[in-house]
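Biologist: I am new to this structure and would like to look closely at one part of it before going on to what else can be said. Please take me through it slowly.

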Amino acid sequence: MNIDTFPVVGDLRLGVDIGGTFTDAILISEDDGRVWGGKVLTTPHDPSEGFLQVVAQVLARSSADAEGIRSIIHATTVATNAVIERQGARAGLLVTHGFRDILEIARQIRHELYNLQTDKPTPLIPRKYCREVVERLDYTGSVIDELDEDGVRAVLAEWREDGINSLAVCLLHSYRNPAHEQRIRELAAEVHPDADVSLSSEIAPEIREYWRASTTVMNAYIGPTVRSYVGGVQTRLRDAAISAPLYLMQSNGGITSVENARERPVYLIESGPAAGVAAATHFCNALGARDAIAFDMGGTTAKMGLIRNGRSEISAEFEVGAGWSGTPMTRGGGYPILGSVVDLVEVGAGGGSIGWIDDGGALRVGPRSAGANPGPACYGRGGTLPTVTDANLVLGRLDARYFAGGDMALDEGAAYEAIEKHCAEPLGLDVDSAAMGLLDIANATMVQAMRLVSVQRGHDPRDFTLVATGGAGPLHANALAQELGIPTIVVPPSPGVASALGMLVSDLRRDLRITRLESLESAPLAEIDVAYRKMEAQSREGFAQDGLADSQMAFERFMEMRYAGQSWKLRVAPPADLGPGSRDELKSRFDAIHHQAYGYSVPEEDVEIVNIGITAIGSLSRPRLEHVVGRSKPRERTSRDVYFRELGERVSCEVVDRYQLADGDVVEGPAVIEETDSTTIVYPGYRAAAGEHGVLLLSAVEQ
């Protein structure tokens, strides 16, 4: 009897990830570890519609009852889309008198250094809705000017009449003393009770005035959209008789309750990409590969993140909504956000990325994507422009009859025509060469991004494992590893829905960070220890409300430090005992981290503490992952011709059904390994071995 004919018993966990092109789901039976995957096209007009479609799909495939679902974890691009599409709330910003133009002035940094016509991002809140209030604190938090409450009431009353229902409040030095901001919230409850209020002292209690204002404005701008969307999902779940609690993936790689996400939606912006890194981290730890590059290539973008010592790297700030200016690491083109986020580089090189000819006659790929509607030309949904997916199909790397496990037939003729018309003929190339050019350019963009998360961070990619996920990741992973000299590629089971799986192997997480600008030499370490304990108590209370016991909670402290006079900071783990003797240890640790990041250190220079914070982890039980359920009937091994640039021609490749591979089976390249949600290409000179935990391990054949 095939495993997918067993009855489904026990508790079920469900993960749903909404991407730009596809909405993915994973359903896990905690009783026996069986795993079912689902994939449908995203529904941009109402993402919650695709959410319910993919849930219905995995329930049908598993023959499970919706009442058996015990928890649902969800990652979504709704917050990001609200920024990119400028579909957020009509919001207002209250600032200290003299700071009305903080969003207009922004930063000095230019995201296109040599473009004299470049513009800064348009503020999310127009200047007419940025209003000053009379009040002022000094840098210690002491009151210089008392809050003009009548002035605040007047502005709130005006905004109530104008329909401004989301308020951002960012007062000078409120990270040291939040009293004035808190009083404004009280006044808003009296004058404009329907308004949502975001306080910078709660959202981002840190120095850097513009960054703090930008983060608070972002929270206010996307808040109503996110809350409406989450409420809609909950309503649809209830209508479908699914009563399981809903959790949301955060940008930091952890999950959080709906209630916490409603208060701080800004921390959901990179939830989908973070889930992909979480899945890669899970399989790295299971295999004992402590250092890896997570590579997630979906329909719209490709994401790369670094995993070191079994954990994803975390950044303290990031940007959202940046336009494309030729490099995946251009800063200044988006809206800066203060907050922990999985350290990622994201580039417009997904399966739906469009190939085009620029004004100089050169072939380009992305960042514009065909998305889910109309999608690549081969989808047969009205798209006529060539994409990376069309190129893979034309070159024989995809099977037109087995895309998405056969649920979605592809039109090879439409793909051929799109590449011929828009790429091959203008460049005077044959279609195979033009299609291979599309893949080479997309691969070059992704290689550049991988170098940025590894070499630019002071790491040699040859010392890392490459973990390939996303529907298109395994199609391109071998080429990227070959270019960078990465020795081993890991392709997890069901890579096309790995982001959904990543949510189910993640823990609850809260990141708290506050500014304590002190010289290390004179810093009151006892007071800092007390501040740490207060943050831990706050997180402990939050986890208790989520139903966790003390034994499930763990807290990690960190300091963000810099040499005196520097602008930016590095994260350092402090000693467990912050006694007088710990200053030398902190200095030594900072010098070492600075040397790794920048190639030098200055031990004789003074060091400053900028921020202190904690990472609070609420550990959840890990589901067993015993079996990935594919088809009841195995597919026969076949072959088809696939084009490889290295060979300059098409060669016959064995086509292998991944679900029929047993542990230890080896597939020699060139070969194609297919499964319902992705296809793995094994290059000439490489082999793929089926390993433990259901992974594929690709490596070069020793000469």
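Biologist: Where four strands form an open sheet with mixed pairing, what is the order of the strands?

Modeller: Please keep in mind from the start that this is a predicted model. The open sheet you ask about has its four strands in the order 28-29-31-32, and their pairing is mixed. At its edges stand strand 28, residues 638-644, and strand 32, residues 678-682; each of these has a single partner strand, so one side of each is left without a neighbour in the sheet. Going from one strand to the next, the twist averages 30°. One pairing in this sheet can be followed down to the residues, since strand 31 (residues 671-675) meets strand 32 in the antiparallel sense over five bridges, and A671 has V682 of strand 32 as its bridge partner.

A second open sheet offers a counterpart to set beside that one. It also consists of four strands, here in the order 6-5-9-10, and the pairing is parallel. Its edge strands are strand 6 (130-133) and strand 10 (196-199), each of which pairs on one side only. On average, and with direction ignored, neighbouring strands of this sheet are turned by 25° against each other. Helix 5, residues 179-191, packs on the sheet and touches strand 5, strand 9 and strand 10, its direction making about 175° with that of strand 10. Helix 7, residues 209-239, likewise lies across strand 5, strand 9 and strand 10, and runs at about 165° to strand 9.

Strand 9 deserves a slower reading within this sheet. On one side, five bridges join it in parallel to strand 5, residues 91-96, where L93 stands opposite A168 of strand 9. Strand 9 is also joined to strand 10, again in parallel, by four bridges, and in this pairing V169 stands opposite L199 of strand 10. In a regular strand the side chains alternate between the two faces of the sheet. For strand 9, S166, A168 and C170 point one way while L167 and V169 point the other way, and all of them are buried. Because five of its five residues are buried, strand 9 is largely enclosed by the rest of the structure.

Within that strand, which spans residues 166-170, S166 is a good place to pause. Buried means under 20% relative accessible area, and S166, at 1% relative accessibility, therefore counts as buried. Its side chain reaches the backbone oxygen of A220 at 2.6 Å. If neighbours within four places in sequence are left aside, the contacts of S166 are A89, R90, A91, G92, D196, A220 and P224.

Strand 13, residues 292-297, gives another example of a covered strand, for six of its six residues are buried. Both of its faces are covered, with A292, A294 and D296 buried on one side and I293, F295 and M297 buried on the other. Its two pairings run in opposite senses: six bridges join strand 13 to strand 14 (residues 302-308) in antiparallel fashion, whereas five bridges join strand 13 to strand 21 (residues 465-469), and these two run parallel. A hairpin of four residues leads from strand 13 to strand 14, and D296 stands opposite K303 in strand 14, while I293 stands opposite L466 in strand 21.

To close with a pair of helices, it helps to know that two packed helices are described by the angle between their axes and the distance between the axes. Helix 11 (residues 412-427) packs against helix 12 (residues 431-454) at an angle of about 80°, and their axes are 9 Å apart. This angle makes helix 11 roughly perpendicular to helix 12. The contact is made by Y416, I419, E420, C423 and A424 from helix 11, together with V431, A434, A435 and L438 from helix 12. Sorted by class, the residues in this contact of helix 11 with helix 12 are eight nonpolar, no polar and one charged.

Note on methods:
Residues are numbered from 1 along each chain as its sequence is written. This is a predicted model: local features need pLDDT of at least 70, side-chain atom pairs count only at pLDDT 80 or more; totals for chains, interfaces and linings use all residues. Side-chain values use heavy atoms; hydrogens and water are left out. Buried means under 20% relative accessible area, exposed over 50%, partly exposed in between (1.4 Å probe, protein chains only). Two strands pair if DSSP finds at least two bridges between them. Axes are lines fitted to C-alpha atoms, for helices over the stretch in contact, and angles run from 0 to 180 degrees between N-to-C directions. Angles under 35 degrees count as roughly parallel, over 145 as roughly antiparallel, 65 to 115 as roughly perpendicular and the rest as oblique. Contact means heavy atoms within 4.5 Å. Ala, Val, Leu, Ile, Met, Phe, Trp, Tyr, Cys and Pro count as nonpolar, Asp, Glu, Lys and Arg as charged, and the others, Gly among them, as polar. A polar contact is a pair of N or O atoms within 3.5 Å; within protein, one must be able to donate a hydrogen and the other to accept it, and residues adjacent in sequence count only if both atoms are side-chain atoms.
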